[in-house]
Amino acid sequence: MKRRLLLSLILLALGGAYSRGVEVGTQIIDWTELPDLPDRLGVAGAFSGVSGEALIVAGGANFPVPLFKDGQLNPSAAKVWLGNTYVLAEPSGKWREVTPLARPLAYGASVTIPEGLVCIGGGDAGQSYAEVFMLVWSDGRMEKQELPPLPKPCSNTAAALLDTTIYVAGGQESPDANSAMHNFWALDLSKTDRGWRELAPWPGPERILPVAAVQDGSFFLFSGCRLLTGQAGRIRRQYLKDAYRFTPAKLGAPEGLWKRIADVPVPVVGAPSPAIATGQSHILIFGGDSGQHADRTFQLADRHPGFSTDILAYHTITDTWVNAGVLPAGHVTTPAVKWGDTVVIPSGEVRPGTRSPKILSGALRKTRAAFAFADYATWILYLAVILCMGFYFAKREKGTDDFFLAGRRVPWWAAGVSVFGTQLSAITFMAIPAKVYATDWVYILAQAAIILVAPIIVLFYLPFFRRLNLTTAYQYLERRFNLTVRLFGGVAFCLMQLGRMAIVLFLPALALSTVANLNIFACILLMGILCTIYTVLGGIEAVIWTDVLQVIVLMGGALLCTAVIISKVDGGLSQILYLGVQANKFKAVNLTWDYTTAAVWVVLLGNIFSNLVPYSADQAVVQRYLTTRTERQAANAVWTNAVLTVPAALIFFFLGTALYAFYRTMPAKLNPTLDTDAVLPWFVVHELPAGLAGIILAAIFAASMSSLDSSMNSMATVVTTDFYHRFKPNSSDHTRLLLARIVTVVLGLFATACAVLMALYPIKSIWDLFMALLGLLGGSVAGVFALGIFTTRANAPGALVGILSSIVTLYCVRRFTDVHFFLYGAVGIITCLCAGYLASMIIPTSKAPATGLTVYEMRSRRKSST
């Protein structure tokens with residue numbers, strides 16, 4: 001306790017007098033009303049969803065004669081089932097009545113899919129139905145398409161769409177059934193000819209009127225009612241609070257796994273379903289019948305206060321519930337519909353026997369924090385320091401040897417720290433804690449793979465890069481094979497870096513603008529322009545030394561966040577450890593042979609090969625090896641980077657677990673609209689004292705610029721050395737230095753412009769496709785280096801065959817298999833190595849075998865020299 005108090009006082013002294021901690025769960029949705037449904041009484045149990053960007057409400061039931069009158073049951077009242085279908089083309093438009101359903105129908109389940117509104121089951125006064133059909137609104141006409149019927153008639157059920165599969169759970173087989181159904185059915189829309197599959201149901205009681213939802217790759221089932229036979233055969237309802245999560249299996253178990261999760265705080269029977277998923281890990285449930293007045297329905301009659309108006313938010317990661325605001329009115333037995341950026345609750349029952357024609361429309365609030373003067377001051381001070389470093393090192397850049405290799409005067413420890421900083425982008429800074437926060441420590445073995453790769457680099461690759469007096473790694477490929485292979489290596493590297501540069505600017509800027517009152521364009525321009533200035537001025541030397549500063553800020557920021565969390569969690573470090581163990585957050589090994597999951601062998605083997613790609617074939621990393629005075633110092637730099645990964649991994653992984661513990665104990669502080677990857681920036685801007693948040697902001701900027709400056713300088717090196725100087729060997733060093741600086745400026749402007757375009761237009765999906773295609777190149781480039789170094793008989797035609805085989809094979813593996821992405825590097829490298837070697841045995845070449853360019857000849861030289 002004393003240590004926690006001391007830590008809090010230190011943080012207070014460092015960061016100012018206040019924290020911006022807020023509880024978001026007060027009201028996260030702003031509600032308005034759309035035009036009333038044409039049926040002035042409203043309907044309950046209607047089918048509703050979206051097709052052709054229009055809102056559809058079809059079927060339902062109501063009481064034309066009120067169920068209650070003057071506080072008494074009205075004997076003249078009778079429920080009427082309807083088939084009317086209405087369409088609202090736009091929120092400000094007018095309802096249009098179109099072709100009705102084939103029969104009056106209500107109390108089924110509604111699921112919106114890209115093609116239209118799927119209507120599942122339902123019933124009328126006499127029976128329940130098994131029919132399933134889709135309503136499609138197109139060109140001003142409503143079309144009905146039949147889908148495979150349910151295994152049994154079913155009404156008062158719940159359904160939701162997960163990927164391409166519709167899941168249906170619960171219900172009753174007939175209107176007068178004396179028990180609910182314990183059913184769980186699935187229809188894969190990509191294989192509708194196979195019909196519905198009957199799966200194992202949830203490990204709890206049967207129910208009607210549950211709430212379904214999908215989020216985080218799982219199907220969720222909340223609450224509902226059991227039907228029990230009471231005295232004199234009268235059916236009564238038992239209101240349930242239990243909840244379950246179903247995760248479909250990939251391989252092995254054909255059905256999937258059910259898991260009991262935290263109970264709903266109160267029953268939410270008949271709440272709008274499917275519930276709405278927000279962000280990447282929240283589910284919102286709107287109102288519902290808690291059963292509070294169930295035994296007094298006829299006594300209260302038309303004085304019934306109505307159903308719950310509470311909005312409950314469930315968090316799939318911390319398994320917690322919070323109140324997230326209130327509804328204007330509690331509507332039950334109606335779907336919740338996502339229409340564009342809004343949530344729509346169309347009509348429904350507002351109290352027993354009474355419907356409402358009101359159409360509620362809600363928009364999620366965007367919650368952002370304002371930075372204090374101290375935050376901006378810290379941030380500006382950091383940016384000013386790195387800019388000054390660029391001007392300082394500009395005085396030492398006399399030629400290309402200085403600009404590309406820093407005159408080989410960089411200390412080994414600084415080169416090693418720079419390699420570490422180059423590989424640690426802002427995306428990684430935010431993504432690793434977020435991944436651990438959401439899952440566990442299984443990925444930490446990926447960091448251990450870097451230590452295993454280090455001796456391979458030092459023993460087998462580094463001697464070639466150093467003793468051949470290279471400026472770029474791809475010069476080796478021409479000496480070992482031919483010019484074509486060298487050019488492929490250079491082009492592949494430049495393409496991969498071009499794609500990466502825009503991403504490392506855009507994603508951190510997007511995360512910061514999402515959680516804080518920062519302009520995304522200002523963030524992009526500031527990072528891009530400043531990074532371009534100091535890189536073009538100071539060359540690789542400025543890049544390396546700013547990397548050193550950036551790593552210090554980065555790691556200091558992670559430690560600072562961890563310390564703040566320890567000071568804020570009740571129970572401190574011991575409570576964080578307890579909650580982590582309780583939730584199995586420290587799990588680091590998956591003992592399985594399944595190659596589709598992060599099994600221990602997949603993580604280790606896959607990352608050994610994946611790390612060979614940057615550490616053996618990426619100019620941004622190899623260039624650091626060449627900036628030290630000697631080969632021994634370069635080896636020390638490689639080991640420095642490897643050793644740094646151990647404490648860094650422990651810090652980032654523990655920070656992820658600490659974030660889990662923080663929000664597990666304080667779930668109301670989470671933002672339900674937030675993506676999981678933004679959880680660290682969200683914590684920073686809402687929980688850190690003024691001034692300290694500016695340090696973390698600087699750390700995120702540091703990580704982005706550390707990656708960007710490396711890409712710009714290394715690409716300028718490749719363009720100047722592997723292309724310009726290769727084809728103009730007589731060009732002056734002054735000309736090449738000028739060209740390198742011009743290329744750096746162009747690259748910086750290109751990356752900044754692409755990031756701005758990604759912020760302006762929805763082109764990220766196109767960019768993701770571009771990056772996925774570029775991802776096919778990395779394994780082939782690393783594979784051709786391995787082919788050259790570890791084989792003596794490989795030749796240029798064989799190397800080209802290996803490259804092509806690697807690209808095609810990796811594309812097929814990614815496109816047609818479920819192989820875990822950690823293994824992609826292994827597939828690419830091994831395919832290139834094997835195919836290239838076999839092709840070299842078959843395809844003759846007139847070029848004389850290379851000498852002194854394989855590991856075997858390098859070893860023999862060492863022996864002869866001793």
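**Exercise 1. Determine which element gives the most to the lining of the second largest pocket, and describe that lining.**

Step 1. Strand 18 gives the most, with four residues; strands (E, at least two residues) and helices (H or I, at least four) are DSSP runs, numbered from the N terminus. The model is predicted, so local features need pLDDT of at least 70 and side-chain atom pairs count only at pLDDT 80 or more, while totals for chains, interfaces and linings use all residues. Residues are numbered from 1 along each chain as its sequence is written, and side-chain values use heavy atoms, with hydrogens and water left out.

Step 2. Strand 18 (235–247) and helix 2 (297–300) each supply at least two residues of this lining.

Step 3. The second largest pocket holds about 1,600 Å³ of space. On a 1 Å grid over the protein atoms alone, a pocket is an open set of points with protein on both sides within 12 Å along at least five of seven lines, a cavity is a set of points where a 1.4 Å probe fits but cannot get out, and lining residues have an atom within 4 Å of a point. Grid points are joined across faces, edges and corners, and a volume is the space filled by probe spheres set on the points.

Step 4. The lining of the second largest pocket has 48 residues, and Leu209, Arg237, Tyr239, Thr297 and Phe298 are the closest to the pocket centre.

Step 5. By class, this lining divides into 19 nonpolar, 19 polar and 10 charged residues. Ala, Val, Leu, Ile, Met, Phe, Trp, Tyr, Cys and Pro count as nonpolar, Asp, Glu, Lys and Arg as charged, and the others, Gly among them, as polar.

**Exercise 2. State how many cavities of 30 Å³ or more a search of the whole structure finds, and describe the largest and the second largest.**

Step 1. The search finds three such cavities.

Step 2. The largest cavity has about 180 Å³ of space. Its lining has 16 residues, and Gly108, Thr157, Ser273, Thr333 and Thr334 lie nearest the centre.

Step 3. In the lining of the largest cavity, seven residues are nonpolar, nine are polar and none is charged.

Step 4. For the second largest cavity the volume is about 60 Å³. Residues that line this cavity include Ser281, His282, His315, Tyr437 and Asp675. Four nonpolar, five polar and one charged residues make up the lining.

**Exercise 3. Locate the salt bridges of Asp36, Arg409 and Asp547, and classify the residues in these pairs as buried or exposed.**

Step 1. A search of the whole structure finds 21 salt bridges, each with a side-chain nitrogen of Lys or Arg within 4 Å of a carboxyl oxygen of Asp or Glu. Buried means under 20% relative accessible area, exposed over 50%, and partly exposed in between (1.4 Å probe, protein chains only).

Step 2. Asp36 pairs with Lys358 at 3.4 Å, N to O. Asp36 sits in the loop between strand 1 (29–34) and strand 2, and Lys358 in the loop between strand 27 (354–355) and strand 28 (359–364), 322 residues apart. Asp36 is partly exposed because its relative accessibility is 34%; Lys358, at 32%, is also partly exposed.

Step 3. The side chains of Arg409 and Glu541 form a salt bridge of 2.9 Å, N to O. Arg409 lies in the loop between helix 4 (400–405) and helix 5 (412–423) and Glu541 in helix 10 (residues 520–568), so this pair ties together parts 132 residues apart in sequence. Arg409 is partly exposed at 24%, whereas Glu541 is buried at 3%.

Step 4. Arg409 and Glu541 also belong to a network of salt bridges with Arg396 and Asp402.

Step 5. Asp547 and Arg624 meet at 2.9 Å, N to O. Asp547 is in helix 10 and Arg624 in helix 13 (residues 619–625), so the pair ties together parts that are 77 residues apart in sequence. Asp547 is buried, with 0% relative accessibility, and Arg624 is buried at 1%.

**Exercise 4. Find where Glu53 lies and how it is classed by accessibility.**

Step 1. Glu53 is in the loop between strand 2 (47–51) and strand 3 (54–62).

Step 2. Glu53 counts as exposed because its relative accessible area is 67%.

Step 3. The C-alpha atom of Glu53 is 9.4 Å from that of Gly116, 63 residues apart along the chain.
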